[in-house]
Amino acid sequence: MTREMKTARRQETRAEEERRELLESMERTRTELNQAYAQFNSYSDPDLVDSCVYAINALRSRYSYFIRRMKLLDGQEETG
């Protein structure tokens, strides 16, 4: 096996690992987001509702980051 082939295989393995980690992180974030929405719907105290809104916004931002990373990873694999 040539050096280039070994390098390509290592990069592919790293990309597969990153994809797996991203998918796991996305699943955890979706679960946390569902929990935050459930809390939001159950709270009546304004301070608790505010804290849920902040948590939901943070989780949505985190999820958006994971989506961007996944798209970037997909683009690298296509050109790659």
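**Note on a two-helix model**

1. E32 has a relative accessible area of 32% and is therefore partly exposed. This is a predicted model. E32 comes back below, with its salt-bridge partner R62.

2. Start with the overall fold. The protein has two helices and zero strands. Helix α1 spans 3-42, and helix α2 spans 46-79. Of contacts between residues at least 6 apart in sequence, 66% link residues at least 24 apart.

3. Next, the surface. The protein has 80 residues, and 16% of them count as buried. Its accessible surface is about 6,400 Å². Carbon and sulfur atoms account for 50% of that area.

4. Which residues make up the largest nonpolar core? There are six: A15, L22, M26, F66, M70 and L73. Helices α1 and α2 each contribute at least two residues to this core. In general, nonpolar side chains of soluble globular proteins tend to be buried together.

5. F66 is a good residue to look at in that core. Set aside its neighbours within four places in sequence. F66 then contacts L22, S25, M26 and T29. Two of these names, L22 and M26, are also in the core list.

6. Now the charged pairs. How many salt bridges does a search of the whole structure find? The search finds five. Side chains of opposite charge can pair when their charged atoms come close. Three of the pairs are taken up here: R19 with D74, R20 with E24, and R62 with E32.

7. R19 and D74 form a salt bridge, with the closest N and O atoms 2.2 Å apart. R19 sits in helix α1 and D74 in helix α2, so this pair ties together parts 55 residues apart in sequence. R19 is partly exposed, at 24% relative accessible area. D74 is also partly exposed, at 28%.

8. R62 and E32 form another salt bridge. Their closest N and O atoms are 3.2 Å apart. R62 belongs to helix α2 and E32 to helix α1, so the pair ties together parts 30 residues apart in sequence. R62 is partly exposed, with 36% relative accessibility.

9. What separates R20 from E24 along helix α1? The two are four residues apart, which means about one helical turn. They form a salt bridge, and the closest N and O atoms lie 3.1 Å apart. Both ends are partly exposed: R20 has a relative accessible area of 41%, and E24 has 38%.

Terms used:
Residues numbered from 1 in each chain as written. Predicted model: local features only at pLDDT ≥ 70, side-chain atom pairs only at ≥ 80, totals over all residues. Heavy atoms only, no water. Buried < 20%, exposed > 50% of the residue type's maximum accessible area, 1.4 Å probe, protein only. Contact = heavy atoms within 4.5 Å. Areas by Shrake-Rupley, 256 points an atom, 1.4 Å probe, with all protein chains shown as cover. Core = buried A, V, L, I, M, F, W, Y, C linked by side-chain atoms within 4.5 Å. Salt bridge = Lys/Arg side-chain N within 4 Å of Asp/Glu carboxyl O.
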